[in-house]
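Reader: I have a model open in front of me and would enjoy a guided walk through it. Could we go through it question by question?

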Amino acid sequence: MIHEKVFQVADAGPIPIVLGGDHSITYPSAAAVARHVWPRTVGVIHFDAHADTGADQWGNLHAHGQPMRRLIEEGWVAGKNFVQIGLRGYWPDKATFEWMREQGMRWHAMTEIEERGSEAVLADAIVEALDGPDVIYLSVDIDVVDPGMAPATGTPESGGMLARELLRAVRQIVSQVELVGMDVVEVSPPYDHAEITAILAHRTVMEAISALGAKQR
């Protein structure tokens with residue numbers, strides 16, 4: 001259902017921006033965009049505390065910890081053009097990282113952002129995602145941001161990006177690439193005191209829309 005709806009929106013002309021929900025929606029959404037732009041190819045820039053490249057989750061192949069693996073396995077996105085930013089915490093495990101390396105995936109952990117700064121990391125990530133592809137799909141898991149600034153998420157990890165770093169990163173990406181799709185996911189309203197996280201998610205989308213508008217002027 002998500003795949004067909006996103007494909008219809010993209011086919012009609014607009015850039016699909018999908019709001020989650022958990023990260024499982026990225027699998028049908030990004031696949032639909034890749035299908036729409038074919039024969040051009042898609043690179044993915046993915047902000048997240050977690051890689052979401054698990055083989056399965058208690059037997060489920062399409063839960064919120066598996067979407068990136070499914071996109072690569074099914075050929076919607078090449079592993080070398082799947083770039084992840086903000087990884088930290090206790091997962092993935094060693095075997096999953098080995099699978100990611102075998103696919104040629106590239107990632108920039110929070111420790112690298114701390115050492116080099118987010119703008120330098122983003123500049124590299126854009127080049128990596130466009131190493132072959134023509135267009136970019138942007139996926140933002142709100143838990144990439146430190147839970148002090150985005151508490152309403154199901155899998156919080158301390159030590160994340162600042163809210164302003166994420167917003168600046170979105171502007172930096174959208175202003176420099178041809179964006180063909182985007183999602184913002186993992187906002188959990190029951191945990192959202194004073195709607196702090198929802199406000200950040202909304203602002204993230206608006207930063208992308210603003211950057212798109214500036215390019216058209």
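**Around Gln84 and the sheet**

Author: Gladly, and let us start with one residue. Gln84 touches His46, Ala51, Thr53, Met68, Met100, Met105, Arg106, Trp107 and His108, leaving aside residues up to four places away in sequence. Please keep in mind that this is a predicted model.

Reader: Thanks! Is Gln84 buried or exposed, and what is its relative accessible area?

Author: Gln84 lies in strand 3, residues 82–87. That strand is mostly covered, with six of its six residues buried. Buried means under 20% relative accessible area. Gln84 counts as buried because its relative accessible area is 0%.

Reader: Which side chain does Gln84 join in a polar contact of 2.9 Å?

Author: A good place to look is the neighbouring strand. Strand 2 and strand 3 run parallel and are joined by four bridges. Within that pairing, Gln84 is the bridge partner of a strand 2 residue, His46. The side chains also meet, and the polar contact of 2.9 Å links Gln84 to His46.

Reader: Let us step back to the whole sheet. What is the order of its six strands?

Author: The sheet is open, and its pairing is parallel. Strand 1 (17–19) and strand 4 (106–109) stand at the edges with a single partner strand each, so one side of each has no neighbour in the sheet. Neighbouring strands are turned by 10° against each other on average, direction ignored. The strand order is 1-6-5-2-3-4.

Reader: Which residue in strand 4 stands opposite Leu87?

Author: Strand 3 and strand 4 pair in the parallel sense, over four bridges. Opposite Leu87, in strand 4, is Ala109.

Reader: How many residues of strand 2 are buried?

Author: Take the two faces in turn. On one side sit Val42, Val44 and His46, on the other Gly43, Ile45 and Phe47, and all are buried. Strand 2 (residues 42–47) is therefore largely enclosed by the rest of the structure, and the number of its residues that are buried is six of six.

Reader: What is the bridge partner of Ile45 in strand 5?

Author: Strand 2 runs parallel to strand 5, and six bridges join the two. For Ile45, the partner in strand 5 is Leu138.

Reader: And what is the bridge partner of Ser139 in strand 6?

Author: Strand 5 (residues 135–141) and strand 6 (residues 179–185) run parallel, joined by six bridges. In strand 6, the partner of Ser139 is Asp183.

Reader: How far apart in space are Val42 and Phe82, C-alpha to C-alpha?

Author: Val42 is found in strand 2, and it is buried, with a relative accessible area of 5%. Its contacts include Val77, Asn81, Pro133 and Val135. Val42 and Phe82 are 40 residues apart in sequence, while their separation in space is 9.1 Å.

**Helices**

Reader: At roughly what angle do the axes of helix 6 and helix 7 cross?

Author: Helix 6 passes helix 7 in a right-handed crossing. Residues making the contact include Leu122, Ala123 and Ile126 of helix 6, and Ala169 and Ile173 of helix 7. By class, the contact has five nonpolar, three polar and three charged residues. The axes of helix 6 (residues 118–129) and helix 7 (residues 163–176) come within 10 Å, and the crossing angle is roughly 35°.

Reader: How far apart in space are Met206 and Gly75?

Author: Met206 has its place in helix 8, residues 196–216. With a relative accessible area of 36%, Met206 is partly exposed. Met206 and Gly75 lie 131 residues apart in sequence, and their C-alpha to C-alpha distance is 30 Å.

**Backbone details**

Reader: Which peptide bond leading to a proline is cis?

Author: Most peptide bonds are trans. A cis bond, with omega near 15°, runs from Gly20 to Gly21, where Gly21 is in the loop between strand 1 and helix 2. Pro39 lies in the loop between helix 2 and strand 2. The cis bond to this proline, also with omega near 15°, is Trp38 to Pro39.

Reader: What is the phi of Glu186?

Author: Most residues other than glycine have a negative phi. Asp52 has a positive phi of about 55° although it is not a glycine, and Asp52 is buried. Glu186 lies in the loop between strand 6 and helix 8 and counts as buried at 9% relative accessibility. Its phi, also positive, is near 70°.

How values were computed
Residues numbered from 1 in each chain as written. Predicted model: local features only at pLDDT ≥ 70, side-chain atom pairs only at ≥ 80, totals over all residues. Heavy atoms only, no water. Pairing = 2+ DSSP bridges. Axes fitted to C-alpha atoms, helices over the stretch in contact; angles between N-to-C directions. Buried < 20%, exposed > 50% of the residue type's maximum accessible area, 1.4 Å probe, protein only. Polar contact = N/O pair within 3.5 Å; in protein donor to acceptor, adjacent residues only side chain to side chain. Contact = heavy atoms within 4.5 Å. Left-handed = near helix turned anticlockwise from the far one by under 90°. Nonpolar A, V, L, I, M, F, W, Y, C, P; charged D, E, K, R; others polar.
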